[in-house]
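Thanks for coming, everyone. Let me put the chain up on the screen, and then I'll walk you through how it is put together.

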Amino acid sequence: MSPHYLIECRIEFDAGHRITHHGSKCRNLHGHRYTVVAVCSGPLITTGEQQGMVIDFDFLREEMNKTIMECCDHTMMLWIDDPLAQNFIDDPKRFENEIRPEVAKNGGYRTDQSLVGALYFMSAVPTAENLAAHWFEKLHPKVRERSGHQAQLHQIKVYETPEFIAVYPAYS
Ligand SMILES: [Zn+2]
């Protein structure tokens, strides 16, 4: 079997969130400069423009920008069942008929029409762990596609701060 490699691409963006049931300051609306690292694994591609690569770095960055940055940069990321969430939307019908179904279907949904600007609603509390899993599910098929089904998305690492990092999935 040909040897496998790991490659990484890192992006950074700013976003807010709150941890709904947290007993301390994390329940306040607050923000982070998030760093997200996608780790891909695979053999080296043997033909075509990606010859000698696991996946073209630019392809990976492009897909990370589309799936992560364009959805979440400068948004407030909120759990759809956060009791605070619907207060940001002026039309409760829109919350139930548009936003909630989109989140149920895709796991996340961005809207720029709210009382406080851009929001990103999620099906889970936006902890670093849940964000890592959410972005993993979204990015994984893109990595397969862009590498001609050669590379795998191995892990997503989410740095909420330089000290606190969540990695999904864990491998023993
Ligand atoms: Zn936080």
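Of the 172 residues in this chain, 47% count as buried, where buried means under 20% relative accessible area, exposed means over 50%, and partly exposed is in between, with a 1.4 Å probe and protein chains only. Please keep in mind that this is a predicted model, in which local features need pLDDT of at least 70 and side-chain atom pairs count only at pLDDT 80 or more, while totals for chains, interfaces and linings use all residues. Residues are numbered from 1 along each chain as its sequence is written, and side-chain values use heavy atoms, with hydrogens and water left out.

The C-alpha trace spans about 55 × 35 × 25 Å along its principal axes. The chain exposes about 9,100 Å², and carbon and sulfur atoms supply 51% of that; these areas come from the Shrake-Rupley method with a 1.4 Å probe, and for residues only the protein chains shown count as cover.

Now the fold. The chain has 3 helices and 7 strands, taken as DSSP runs numbered from the N terminus, with helices being H or I of at least four residues and strands E of at least two. Along the sequence the pattern reads β-β-α-β-α-β-β-α-β-β.

How are the strands ordered in the sheet? The 7 strands form an open sheet with mixed pairing, in the order β4-β5-β3-β1-β2-β6-β7; two strands pair if DSSP finds at least two bridges between them. At the edges sit β4 (108-111) and β7 (165-168), each pairing on one side only. From one strand to the next, the twist averages 30 degrees. Angles here run from 0 to 180 degrees between N-to-C directions, using axes that are lines fitted to C-alpha atoms, for helices over the stretch in contact.

Let's stop at β3. Strand β3 (residues 76-79) runs parallel to β5 (residues 119-122), joined to it by 4 bridges. Along that pairing, Met-76 stands opposite Leu-119 and Trp-79 stands opposite Met-122. Strand β3 also pairs with β1 in the parallel sense, over 2 bridges, and there Met-77 has His-17 opposite it. In a regular strand, side chains alternate between the two faces of the sheet. Both faces of β3 are covered: Met-76 and Leu-78 on one side, and Met-77 and Trp-79 on the other, are all buried.

On to the helices. Helix α2 (residues 92-106) lies across β4 and β5, at about 140 degrees to β4. In helix α1 we find Phe-57, which counts as exposed because its relative accessibility is 51%. Leaving aside neighbours within four places in sequence, Phe-57 is in contact with Ile-7 and Glu-8, contact meaning heavy atoms within 4.5 Å. The C-alpha atoms of Phe-57 and Cys-9 are separated by 7.0 Å, although these residues are 48 apart along the chain.

Here is one for the metal fans: which residues coordinate the zinc ion? They are His-17, His-30 and His-32, each through NE2, at 2.0 Å. Donors are N, O and S atoms within 2.8 Å of the metal (3.2 Å for Na, K and Ca), and water is not among the atoms, so sites may look incomplete. The donor spacing along the chain is H-x12-H-x1-H. His-17 lies in β1 and His-32 in β2, so this pair ties together parts that are 15 residues apart in sequence. Both His-17 and His-32 are buried.

Finally, the interior. The largest nonpolar core has 32 residues, and those with the most contacts inside it are Ile-55, Leu-60, Met-64, Trp-135 and Ile-156. A nonpolar core is a set of buried Ala, Val, Leu, Ile, Met, Phe, Trp, Tyr and Cys residues joined through side-chain atoms within 4.5 Å. Two or more residues come from each of β1, β2, α1, β5, α3 and β6 (152-159), and α3 gives the most, with 7 residues. Leu-60 has Ile-7, Cys-9 and Val-143 among the residues it touches, not counting those up to four places away in sequence. Another core lies apart from this one, with 15 residues, including Phe-88, Phe-95, Val-103 and Phe-121.

That's the tour, and I'm happy to go back to any view.
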